[in-house]
Amino acid sequence: MLHIHNTLSRQKEEFRPIDPTHIGMYVCGPTVYDFAHLGNARPVVVFDVLYRLLKRHYPRVTYVRNITDIDDKIIAKSKESGEPFLSITKRTAQAFHDDMDALNALPPDIEPLCSGTIPQMLDMIATLIEKGHAYAADGHVLFHVPSMKYYGELSRRSRDELIAGARVEVAPYKKDPADFVLWKPSAPDQPGWDSPWGRGRPGWHIECSAMAKMHLGITFDIHGGGLDLIFPHHENEIAQSRCAHDGAPLANYWMHNGFLTVNNDKMSKSLKNFFTVRELLAVAPGEALRLALLSGHYRQPLDFSVEALQKAKATLDKWYGALRGKAAAHAEKLGVPVALEDALLDDLNTPLAIAHIHELANELNRAATPAEQAPIRARLLAAGEVLGLLQQDPETWFRWQPAEGAGPTDAEIETQIAARLAARKAKNYAESDRIRDALAAQGVILEDSAGGTTWRRG
Ligand code: AMP
Ligand code: ZN
């Protein structure tokens with residue numbers, strides 16, 4: 001029996017599907033303006049484990065994860081770089097797919113684009129106006145927050161906190177400071193679509209409400225994403241969808257992963273303390289990144305370091321070492337070990353599941369004869385599969401090398417050291433630490449002394 005922690009109730013609950021023959025799950029996907037960092041990969045890997053688990057227990061699962069390809073960050077990026085908007089979104093979505101494949105995350109069943117769901121968004125906005133929950137003003141359409149009885153049910157914030165937290169612009173056309181945008185006007189050089197309120201583009205929140213409805217219906221089972229999405233994004237998705245659907249819930253279970261942190265700060269673009277999946281894949285196999293991401297419980301913060309990544313790689317070396325050269329039995333396919341499945345059914349306890357894999361690997365190492373080894377080997381492989389691990393041939397694993405030319409050249413290292421020095425002089429220690437950590441992730445160790453900074457390839 002699956003139990004999951006539901007953000008709505010702040011409790012672990014037994015999972016009761018709407019239709020046990022068909023589970024619906026929606027997870028907010030990436031905004032495609034830049035490479036995904038490892039923090040962005042955390043929800044992808046966590047919900048991939050849940051998706052695999054659901055697929056083992058229910059005959060059909062529809063997993064929807066969108067691509068946010070309309071957003072002001074993309075517009076800003078295009079303006080700054082001169083690269084056309086569509087070229088950025090296409091290129092970045094492709095990079096995201098490649099990176100998530102490298103982490104062995106299964107593709108979702110449906111991956112809608114915001115740009116492909118505009119008519120459904122316009123429909124929902126019109127319904128919200130009709131029902132008195134939204135109003136048009138100055139080329140914008142705004143959701144009127146005081147019209148929503150349950151507003152704040154997910155984030156449990158007071159009205160003052162809601163307004164402060166939303167950091168919403170106090171624009172003159174707003175009836176209430178908490179009101180948020182459903183539709184806004186686009187300048188001629190910005191992407192835009194015709195609408196009854198003029199040429200414009202949707203706000204972020206309505207995008208997910210419309211895509212979820214289109215592919216999963218009015219109420220579905222599970223909605224997921226990172227902790228930072230609870231407010232305002234998910235609160236606003238709930239407000240829009242419930243008001244458009246006469247109060248019907250949007251999702252019955254809301255699940256949120258904790259942050260991936262670096263020295264206890266959230267990994268983020270704005271703090272500049274991030275590592276992209278792309279740069280990490282040049283220095284460690286995707287499977288090691290995946291194991292590192294699953295080594296903590298999904299609801300807890302998880303601190304990332306190059307050492308943690310190296311440890312995950314060493315663990316996989318050990319597991320693949322146990323598998324190496326062990327004969328396969330004929331009837332090799334075994335079910336998932338019960339203890340391991342129970343760990344995952346208990347709100348995705350991946351650390352406990354990993355502990356079971358450790359035990360199996362040790363058991364396999366202790367087994368003396370092929371007859372003893374074969375069933376343990378099969379159990380270990382089945383156990384790895386549920387976490388999306390241990391699916392490669394051990395020989396392939398051991399042949400892995402850092403990407404050709406992945407390491408920076410001497411001149412690149414010197415340039416980075418100069419940039420780090422400049423950042424330190426400007427007292428921008430977050431940036432100087434980021435540069436040091438980024439070099440460390442690429443195997444370059446900096447050593448500071450009174451005479452300056454020297455470096456070595458570690
Ligand atoms: P974004 O593209 O910023 O909307 O983020 C995509 C997904 O990554 C969302 O589910 C975020 O909650 C999640 N996310 C962003 N940063 C982190 C982080 N440092 N740790 C865990 N999840 C994160
Ligand atoms: Zn969303």
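## Around helix α7

P232 has its place in helix α7 (residues 230-244); helices here are DSSP runs of H or I with at least four residues, strands are runs of E with at least two, and both are numbered from the N terminus. The peptide bond leading into P232 from F231 is cis, with omega near 0°. For context, most peptide bonds are trans.

A word on the ground rules: this is a predicted model, where local features need pLDDT of at least 70 and side-chain atom pairs count only at pLDDT 80 or more, while totals for chains, interfaces and linings use all residues. Residues are numbered from 1 along each chain as its sequence is written, chains are lettered from A and ligands numbered from 1 in the order in which they are written, and side-chain values use heavy atoms, with hydrogens and water left out.

## The zinc site

Which protein atoms hold the zinc ion (ligand 2)? The donors are C28 (SG), C208 (SG), H233 (NE2) and E237 (OE), at 2.0 to 2.4 Å from the ion. A donor is an N, O or S atom within 2.8 Å of the metal (3.2 Å for Na, K and Ca), and with water not among the atoms, sites may look incomplete. Along the chain the donors of this zinc ion are spaced as C-x179-C-x24-H-x3-E. C28 sits in the loop between β3 and α1 while C208 belongs to helix α6, so this pair ties together parts 180 residues apart in sequence.

The geometry around the zinc ion (ligand 2) comes out irregular, because its four donor atoms subtend angles of 77 to 129°. To count as tetrahedral, four donors need all angles between 85 and 135 degrees; four count as square planar and six as octahedral if opposite donors are over 155 degrees apart and all others between 65 and 115, and anything else is irregular. The ideal angle for four tetrahedral donors is 109.5 degrees.

## Burial at the site

Both cysteines are tucked away: C28 counts as buried at 12% relative accessibility, and C208 counts as buried at 1%. Buried means under 20% relative accessible area, exposed over 50% and partly exposed in between, using a 1.4 Å probe and protein chains only.

S209 is placed in helix α6 (residues 204-216) and is buried, with a relative accessible area of 1%. Leaving out residues up to four places away in sequence, S209 touches M124, E237, Q240 and S241, where contact means heavy atoms within 4.5 Å. One of those partners, E237, is also a zinc donor.

## Strands β3 and β4

Strand β3 (residues 23-27) runs parallel to β4, joined by five bridges; two strands pair if DSSP finds at least two bridges between them. One of the matches is G24, whose bridge partner in β4 is T62. Add helix α1 (residues 38-57), and β3, α1 and β4 make a right-handed β-α-β unit. Right-handed means that, with the strands pointing away from the viewer, the path from the first strand over the helix to the second runs clockwise.

How many residues of β4 (residues 61-65) are buried? Five of its five. Side chains in a regular strand alternate between the two faces of the sheet. In β4 both faces are covered, with V61, Y63 and R65 buried on one side and T62 and V64 on the other.

## A small sheet and a hairpin

Another sheet is open and has three strands in the order β12-β11-β13, with mixed pairing. Its edge strands are β12 (265-266) and β13 (302-303), each pairing on one side only. Strand β11 (residues 260-262) pairs with β12 in the antiparallel sense over two bridges, and V262 has D265 as its bridge partner in β12.

In the loop between β11 and β12 you'll find N263, which counts as exposed at 53% relative accessibility. Phi of N263 is positive, near 50°. Strands β5 (residues 134-137) and β6 (residues 140-143) also pair in the antiparallel sense, over four bridges. They form a hairpin with two residues between them, and D138 in the turn has a positive phi of about 60°.

## Helix α16

Helix α16 (residues 429-441) has 13 residues and reaches 18 Å from first C-alpha to last, close to the 18 Å expected; that expected span is 1.5 Å times one less than the number of residues. Its buried residues are E431, S432, I435, D437, A438, L439 and A441. Their cover includes β11, α8 (277-281), α10 (306-323), α15 (410-425) and β14 (444-449).
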